[in-house]
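User: Please take a close look at one part of this protein. Pick a residue in a loop and show me what surrounds it.

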Amino acid sequence: MKRLEQINVGDDCPVFDGLYSLCQTSAGGFVGGVVNLNNGSCDVVVNWAGGLHHAKRRGAPGFFYVNDIVLAIL
């Protein structure tokens, strides 16, 4: 927590207990889903724990804690 507070990601993305687990769940869901898509085990993947982007109608100001879509693309 001390290290995360030193590199605080901003007021709209506060540091809290469990933040690392949240990021693991979000990113892991995307990566696991893409692995299943690539293996042909499914046709569609939905990760309800991911995609928490600060998207707006006229712009994309940033990402929440994890740029999970880029992890999925990679």
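Analyst:

**A loop residue and its surroundings**

N47 sits in the loop that joins α2 (19–39) to α3 (68–73). Keep in mind that this is a predicted model.

Is N47 buried or exposed? N47 has a relative accessible area of 17%. The cut-off for buried is under 20%, so N47 counts as buried.

What does N47 touch? Leave aside the neighbours within four places in sequence. N47 is then in contact with S26, G29 and F30. Two of these names, S26 and F30, appear among the buried residues of α2. One link involves polar atoms. A polar atom of the N47 side chain lies 3.0 Å from the backbone oxygen of S26.

Now move to S26. This residue lies in helix α2. Its relative accessible area is 6%, so S26 is buried. Again, do not count residues up to four places away in sequence. S26 touches N47, A49, G50 and D68. N47 is thus one of the contacts of S26, and D68 is another.

Follow that last contact to D68. D68 is found in helix α3. Its relative accessibility is 2%, so D68 counts as buried. D68 can also be compared with C23 in position. They are 45 residues apart along the chain, and their C-alpha atoms are separated by 8.9 Å. C23 is itself one of the buried residues of α2.

**The helix behind the loop**

Next, α2 itself. How far should its 21 residues span? At 1.5 Å a residue, the expected span is 30 Å. The end C-alpha atoms of α2 are 30 Å apart, so the two values agree. The buried residues of this helix are L19, C23, S26, A27, F30 and G33. After α2 comes G40, with a positive phi near 80°.

The loop between α2 and α3 also holds C42. How much of C42 is accessible? Its relative accessible area is 25%, so C42 is partly exposed. Beyond its neighbours within four places in sequence, C42 is in contact with N36 and L37. So within this loop, N47 is buried, whereas C42 is partly exposed.

**The far end of the loop**

Helix α3 also contains I73. At 66% relative accessibility, I73 counts as exposed. Set that beside D68, which lies in α3 too but counts as buried. I73 belongs to a nonpolar surface patch as well. I69, V70, I73 and L74 make this patch, which covers about 430 Å².

**The whole protein**

Step back for the setting. The protein has three helices and zero strands. From the N terminus on, its elements run α-α-α. Of its 74 residues, 19% count as buried. N47 is buried, and so are S26 and D68.

What share of the contacts with a separation of 6 or more comes from residues 24 or more positions apart? That share is 39%. The surface can be described too. The protein exposes about 5,700 Å², and carbon and sulfur atoms supply 57% of it.

To retrace the path: N47 in the loop contacts S26, and S26 in turn touches D68.

Methods: Residues are numbered from 1 along each chain as its sequence is written. This is a predicted model: local features need pLDDT of at least 70, side-chain atom pairs count only at pLDDT 80 or more; totals for chains, interfaces and linings use all residues. Side-chain values use heavy atoms; hydrogens and water are left out. Helices (H or I, at least four residues) and strands (E, at least two) are DSSP runs, numbered from the N terminus. Buried means under 20% relative accessible area, exposed over 50%, partly exposed in between (1.4 Å probe, protein chains only). A polar contact is a pair of N or O atoms within 3.5 Å; within protein, one must be able to donate a hydrogen and the other to accept it, and residues adjacent in sequence count only if both atoms are side-chain atoms. Contact means heavy atoms within 4.5 Å. Patches are made of residues with over 30% relative accessible area and no salt bridge: like charges are joined within 9 Å, nonpolar side chains (Val, Leu, Ile, Met, Phe, Trp, Tyr) within 5 Å. Accessible areas come from the Shrake-Rupley method with a 1.4 Å probe; for residues, only the protein chains shown count as cover. A salt bridge is a side-chain nitrogen of Lys or Arg within 4 Å of a carboxyl oxygen of Asp or Glu. The expected span of a helix is 1.5 Å times one less than its number of residues.
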